[in-house]
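Colleague: I am new to this structure and would like a close look at a single part of it, the sheets of chain B together with the loops and helices around them. Could you take me through that part slowly, in one connected account?

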Amino acid sequence: MKKQHSESDIPSAPFFRKETPCLTAQEAFLLAHKKHHTSIRLSRALLLAAFLALWEISVSFHWIDGFFFSSPSRIASCFLSMLQDGSLAANLGITLCETVFSFLLVILIGIFCATLLWYSHSASEILEPYLVVLNSLPKSALAPLFIVWLGTGMTTIIVAGISVALFGCIISLYTGFKQVDEEKIKLIYTLGGNKIDVYRKVILPGSIPTILSTMKVNIGLALVGVIIGEFLAARRGLGYLIIYGSQVFQLNLVITSILILCIIAMLLYQCIQWAEHWYRKRL
Amino acid sequence: MSEPILTLKGIRYSYHSLTGEIPALKDISFQVKNGEFLALVGPSGCGKSTLLNIIAQLMEPEGGTISFQNPDGSIHYPRIGYMLQHDHLFEWRSIYQNVTLGLEIQKKLTPEQKERVNRLLQDYGLYSFRHKRPSELSGGMRQRAALIRTLALDPEILLLDEPFSALDYQTRLTVSADICRIIRKSGKTAILITHDLSEAVSIADRILVLSARPATIKAEIPIHLTLADDSLLAARKAPEFGSYFNQLWEELADEKAAL
């Protein structure tokens, strides 16, 4: 093989460079990677813009009825007026507060119950069919019961939020706890530990990735439960605004509320994602 | 080196399942002398790990007795250190937190013990890595960290359950020699399970060959090697190495034929 010359060996190197951009394979790879990501982002933004433009045009040319389908401009003005009269902050605040509260309760109760199930093998065997039934039951069917038992108000809504997410959360956490390597558990016993040490030193710290992924699922489920609760038993909140808006045919209000819901669902999910990143980085 | 530290008599153990009883150990009796390095070899699945679990008191034998005579005359069951097949260093702990795990569990994390752990880390060349995560260490270093975790509790008897089998061959040769030198230097009694006959011959003072399940002790082979130097692979170059290896091979070949 011929000996490779470095660039400085070639007198005409600068000239040569001008003609063809000479990239190393790594630089080319990075550039391609960056290009790909930029084009994905651009396509996403374009898709949204095209959808909004089509929507607006369809309404302004009366292809569809703006009364039923609203339009981006109507939504924007509805949003601004909600912002000005403070109804946005109040309703959004209530829904967010209920969601976060029921989410935190789901995670706490979920970890607690999964721990008990892990600790007592008999308990998990006895309770398994009940958990499966409760998990597959459509929880919205329970909402009327909650209203009768707890009245209309924040408690009912938080309970509805919890009921949607809790059983799935317990099952997935318990499964996660059970999947921890038997040999790691044996290690704790060989070091003179007991079952509590196994839980504290292996099961819990080893299950943090499972807990985080369960959280990602449950933040969405808690929001679903809270909106169901608000449909049925609230006088404030985004779910209430949607139901109220549809009853008085203020569809601008309905669609604006739905869009706000989209945004907070995304933000809540993003928060957990950040927590996960932070955990990974710390590791 | 002559007085026994542990005596097993007529140890028996069976596994139970709905389809029947599977006898794993049948009438196992042997002695371990203080400071001895004992290797257990046998066909796979013959119950070697069960035997270690019983010695470590993680399992109760169904029959037989284990008695102990501590060299210092004390009457506690000898402190057991157990090294598993994989290092099982926890990724969510630094190396230092990993090696002090046993002390932490037994609530013995005193300044003197911390000092001792630091000395062990220095002796075995891991001191500068003590704040690293396990994934940043090589396989050999991880196994050494696992050994320090075991030694931190100052065990009187070390049980090694194929601790090198997860390593690649090159690493395995050096790491096994390295770790065994550490154990010998500390003067501890050790019982090693291995599949690797050359590893058993090069490391042990005495080899017990177990039969196929239900396991009994089939043969006992004391090993005396003439070492030319103190290099890591000296034992494998010893003139007697080959004949011991063949003897072991034939004992085990009989067992395989019997299966």
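Modeller: What follows goes through the two sheets of chain B, then the loops and a helix that belong with them, and finally the nonpolar cores. Please keep in mind throughout that this is a predicted model.

I begin with the sheet of three strands, which is open, has the order β2-β1-β4 in chain B and is paired in the antiparallel sense. The strands β2 and β4 (63-68) of chain B stand at its edges, each with a single partner strand, so one side of each is left without a neighbour in the sheet. Neighbouring strands of this sheet are turned against each other by 15° on average, direction ignored. Within this sheet, β1 (residues 4-17) and β2 (residues 20-33) of chain B are joined by ten bridges, and β1(B) and β2(B) form a hairpin with two residues between them. Two pairs help to place these strands against each other: B:S17 stands opposite B:G20 in β2(B), and B:L8 has B:F30 as its bridge partner in β2(B). Helix α1(B) lies across β1, β2 and β4 of chain B, and runs at about 120° to β1(B).

The other sheet to consider is an open one of six strands, in the order β5-β6-β7-β3-β8-β9 of chain B, and its pairing is mixed. Here the edges are taken by β5 (80-83) and β9 (217-222) of chain B, and since each has a single partner strand, one side of each is left without a neighbour in the sheet. From one strand to the next, the twist averages 15°. At one end of that order, β8 (residues 206-210) and β9 of chain B run antiparallel and are joined by five bridges, and in β9(B) the bridge partner of B:R206 is B:P222. The loop between β8 and β9 of chain B holds B:P214, and the peptide bond that joins B:R213 and B:P214 is cis, with omega at about -10°.

Another proline is worth following from this sheet, namely B:P43, which is found in the loop between β3 (37-41) and α1 (48-55) of chain B. With a relative accessible area of 4%, and with under 20% as the limit for the term, B:P43 counts as buried. Leaving aside neighbours within four places in sequence, B:P43 is in contact with B:K48, B:L210, B:S211, B:A212, B:L252 and B:E255. Of these partners, B:S211 is 168 residues from B:P43 in sequence, while their C-alpha atoms are 7.1 Å apart in space.

Two further loops that start from strands of the six-stranded sheet deserve a careful look. In the loop between β5 and α2 of chain B there is B:H88, which has a positive phi of about 50° although it is not a glycine, and which at 6% relative accessibility counts as buried. In the loop between β6 (157-161) and α6 of chain B there is B:E162; this residue, not a glycine either, has a positive phi of about 45°, and with a relative accessible area of 12% it is buried.

That second loop leads on to helix α6 (residues 169-185) of chain B, whose 17 residues should span 24 Å at 1.5 Å a residue, and whose end C-alpha atoms are 24 Å apart, which agrees. Among the buried residues of α6(B) are B:R172, B:L173, B:V175, B:I179 and B:I183. Just after α6(B), B:G187 takes a positive phi of about 70°.

It remains to look at the nonpolar cores. The largest has 99 residues, and those with the most contacts inside it are B:L25, B:F30, B:L51, B:I55, B:L159 and B:I191. Although most of this account concerns chain B, helix α8 (residues 154-178) of chain A gives the most to this core, with ten residues. One of the residues just named, B:L159, touches, among others, B:L52, B:I55, B:A56, B:I80, B:Y82, B:M83 and B:I191, not counting residues up to four places away in sequence. Apart from this core lies another, of 19 residues, among them A:L88, A:L92, A:L253 and A:I260.

Note on methods:
Residues numbered from 1 in each chain as written. Chains lettered and ligands numbered in written order. Predicted model: local features only at pLDDT ≥ 70, side-chain atom pairs only at ≥ 80, totals over all residues. Heavy atoms only, no water. Pairing = 2+ DSSP bridges. Helix = DSSP H or I, 4+ residues; strand = E, 2+ residues; numbered from the N terminus. Axes fitted to C-alpha atoms, helices over the stretch in contact; angles between N-to-C directions. Core = buried A, V, L, I, M, F, W, Y, C linked by side-chain atoms within 4.5 Å. Buried < 20%, exposed > 50% of the residue type's maximum accessible area, 1.4 Å probe, protein only. Contact = heavy atoms within 4.5 Å. Expected span 1.5 Å × (residues − 1).
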